[in-house]
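Q: Got a minute to look at this one with me? I'd like to start with how the copies are arranged.

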Protein chains: 2
Amino acid sequence: MKYETRKDEIIQTSAILFKKKGYSAVTMRDIAKAMGIKAASLYNHINSKQEILSEIIISLAEQFTEQMKIIKYSDDSCIDKLKQIVALHVGITSNNQFGMASLNSDWMHLEAELDYYLTLRKNYENDLRSIIVKGIQEDELVDANPEVMLFSMLSTLRSLYIWLPKKEDLDIQQFTNELSLLLINGINK
Amino acid sequence: MKYETRKDEIIQTSAILFKKKGYSAVTMRDIAKAMGIKAASLYNHINSKQEILSEIIISLAEQFTEQMKIIKYSDDSCIDKLKQIVALHVGITSNNQFGMASLNSDWMHLEAELDYYLTLRKNYENDLRSIIVKGIQEDELVDANPEVMLFSMLSTLRSLYIWLPKKEDLDIQQFTNELSLLLINGINK
DNA sequence: ATTTCAAACTAACAATTGTTAGTTTAACAT
DNA sequence: ATGTTAAACTAACAATTGTTAGTTTGAAAT
């Protein structure tokens, strides 16, 4: 079976539509049509349009939070931690290309869970910042502005959902390595 | 005077709202309220909601196209061209923080001008790719996957609109240099 | 004083929105 | 056969959407 439950099917179908046009531009009738049913029938499985968005975003945000916890408490070097973070983003994104679009573009349409999401995101950024700052202190990383490093790295990782799908025939493991090397060593010869 | 024309004021006000909630979630009444007038009054100055979005996005896309033309036909080194492209993005973004949000997130809601926009974007990407490939050929850049370099660099540059506004007290010139160095040399010591 | 005109207004429209209520269908267990 | 249940349906709702038509305002030009 492709989906665990009918609700799960609704969520995944919605994520596909949300990626194309954004949460606000997708109607319940759009979602229903994509599933071959009527809009009212969706409400046998979900409570609101909002709930669909929350399920997509929060479950992904929690996956990142969970994995970050493991990485930050490991005793690997900072460079190794950063490599693991690259792998984390590539991994989650390649398995959730559509959901990641909502996470990145439609989080502001969360309502009840907006504060929770923002907290998770803030904590994640702080954890990544700490790893970078420690890397500079311990002479693993170049002594540049950590905010710029944080911004550049996160921008690339957060945009993966746009690019990974375009490179269908991609070896994920190899791509992860290439991207890690690039972020760490730059493009200069 | 802060605005050239009333139409210009509508466009810039709309861009602020579009950045917060996205094009689809902003209503003509929202825009009108932000200007202290009624929704119907907007139509004395603009023809449709669509038109507002087009004006925001297309003018920016054309600025990028125009400047890229100058850069690509110069006889600077590839590294220098890439530095100029970083400066181009930082420059346009710092002057158009709100419009850049629409360019990056709401281009799919263009209708009549969608094809034109996609052509401009494709050409821009191709120009940047050519610079990178030439840089590799001429041993200026490391011999890595040019697609990954293109993706990483563009992701960072396209996300500037999210980050620049958070660093209000930022020296633009210095930031441009830091970012160039980072993208070129990486974070490794 | 009168005319002109940009730019606001009120009122309304047809379509679309998320959602609810109540009903039907059809597969399964008793 | 009967009852149960998940999951679909039809019909409708109140609110909101972008937009239009026609009118009023008020300052500048004549």
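A: Sure. Turning chain A by 180 degrees, with a shift of 0.0 Å along the axis, lays chain A on chain B with an RMSD of 0.0 Å (least-squares superposition on C-alpha atoms of residues with pLDDT of at least 70 in both copies). That is the relation of a two-fold axis.
Q: Which C-alpha of chain A is nearest the axis?
A: That of Gly186(A), 1.8 Å from the axis.
A: Keep in mind that this is a predicted model, where local features need pLDDT of at least 70, side-chain atom pairs count only at pLDDT 80 or more, and totals for chains, interfaces and linings use all residues. Residues are numbered from 1 along each chain as its sequence is written, and chains are lettered from A in the order in which they are written.
Q: OK, how many residues does the contact take from each chain?
A: 32 from chain A and 32 from chain B, counting residues whose C-beta atoms, placed from the backbone, lie within 7 Å.
Q: And which helix of chain A gives the most to that side?
A: Helix 10, with seven residues. Helix 8 (146-158) and helix 10 (172-185) of chain A are the elements that give two or more; helices here are DSSP runs of H or I, at least four residues, numbered from the N terminus.
Q: Switching topic: what's phi for Asp139(A)?
A: Near 65 degrees, a positive value in a residue other than glycine. Asp139(A) sits in the loop between helix 7 (114-137) and helix 8 of chain A.
Q: Buried or exposed, that Asp139(A)?
A: Asp139(A) counts as exposed because it has 10 C-beta neighbours inside 10 Å (12 or fewer is exposed, 20 or more buried, in between partly exposed, with C-beta atoms placed from the backbone).

Note on methods. Contact = placed C-beta atoms within 7 Å.
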